[in-house]
Amino acid sequence: MVIETLAVLCVAGGAMAWAVRGKSSRIFAPSVWRGPRNRKAMALTFDDGPSESTRELLDVLDEFGVRATFFQCGFHARRLRTEAAEVARRGHEIGNHSDTHPALYLHSRNFIEDQLSRAQQSIIEATGVTPRLFRAPFGVRWPGLAAAQAKLGLMGVMWTAIARDWALPADDIVKRMAKAARPGAILCFHDGRELTMRPDISPTIDTIRRLLPVWLDQGYEFVPVSELTGLNRR
Ligand SMILES: [Zn+2]
């Protein structure tokens, strides 16, 4: 009986963990995690920026003529307004990644709405762009998020594969993400490191510089998330 109860709790715990963090979970808020598999296209996404090194990453993307989606934090958009605006100026899509990058787990509805709306306001002020996409910090969703997203007209975006580029050296990120490439994939990288100032994002930049020519040779095209998923037709 004790074991049965434990098993039930484990199953419930697993289901709860999936609801909060599962990439295809829509329990707490609507989201997408991939595009259709019938087009040889992928979306590169970069979270936690802008940072002091975002411009270097933009130069690499320009070199290959690739447009991506940047999920910016309000905190960094206020701190580095010119860099935030430069991302939009070079034709990339801008999404909302909360204001100060908290895990939304266990937070109140008001807190969640405040995080999304402060970021939205700061990103609009810095870039002139109104985000339509939201990526939850750490991929953590929680009750109250659906209402906050709806109020601001934001669709949630998870990922098909995440680079772990905050922790791994470039060689390992290249291996990991080369394996993850497939039609319709949304790939998650980082041009910042949560709230860190002057973060070292060189493993991310090296990875992009090494993988883009390989993927382009394989015939992949790169489009922003809203184009990959058809959300731009809303
Ligand atoms: Zn993040």
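Two strands pair if DSSP finds at least two bridges between them. Keep that rule at hand for the tour. The model is predicted: local features need pLDDT of at least 70, side-chain atom pairs count only at pLDDT 80 or more, and totals for chains, interfaces and linings use all residues. Residues are numbered from 1 along each chain as its sequence is written, and side-chain values use heavy atoms, with hydrogens and water left out.

**Stop 1: the whole chain**

Show the protein chain as a cartoon. Nine helices and nine strands appear. Both are DSSP runs, numbered from the N terminus: helices are H or I with at least four residues, strands are E with at least two. The C-alpha atoms fill a box of roughly 60 × 40 × 35 Å along the principal axes.

The radius of gyration is 18 Å, which agrees with the value near 17 Å for a compact globule of 234 residues. That radius is taken over C-alpha atoms, and the globule rule is 2.2 Å times the number of residues to the power 0.38.

Now switch on the surface. The chain exposes about 10,600 Å², and carbon and sulfur atoms supply 55% of it. Accessible areas here come from the Shrake-Rupley method with a 1.4 Å probe; for residues, only the protein chains shown count as cover. Of the 234 residues, 53% count as buried. Buried means under 20% relative accessible area, exposed means over 50%, and partly exposed lies in between (1.4 Å probe, protein chains only).

**Stop 2: strand β2**

Select residues 41-49. This is strand β2. Nine of its nine residues are buried, so β2 is largely enclosed by the rest of the structure.

Which strands pair with β2? Add three selections.

- Residues 221-222: strand β9 pairs with β2 in the parallel sense over two bridges. Methionine 42 has phenylalanine 222 of β9 as its bridge partner.
- Residues 186-190: strand β8 runs parallel to β2, joined by five bridges. Look for aspartate 47 opposite histidine 190 in β8.
- Residues 69-72: strand β3 also runs parallel to β2, with four bridges. Here phenylalanine 46 stands opposite phenylalanine 70.

**Stop 3: alanine 41**

Stay in β2 and pick alanine 41. Alanine 41 is buried, with a relative accessible area of 0%. Then pick glycine 184. The two are 143 residues apart in sequence, yet 5.7 Å apart in space, C-alpha to C-alpha.

Leaving out residues up to four places away in sequence, alanine 41 touches several others, including Arg182, Pro183, Tyr220 and Leu228. Contact means heavy atoms within 4.5 Å. Across the chain, take contacts between residues at least 6 apart in sequence: 77% of them join residues at least 24 apart.

**Stop 4: the zinc ion**

Select the zinc ion. Which residues coordinate the zinc ion? They are Asp48 (OD), His97 (NE2) and His101 (NE2), at 2.0 to 2.1 Å. Donors are N, O and S atoms within 2.8 Å of the metal (3.2 Å for Na, K and Ca); water is not among the atoms, so sites may look incomplete. In sequence, the donor residues are spaced D-x48-H-x3-H. Histidine 97 and histidine 101 are both buried.

**Stop 5: the cysteines**

How many disulfides does the structure hold? Zero. A disulfide is a pair of cysteine sulfur atoms within 2.5 Å. Select cysteine 73: the nearest cysteine sulfur, that of cysteine 188, is 12 Å away. Cysteine 73 is buried, at 0% relative accessible area. Cysteine 188 is also buried, at 0%.
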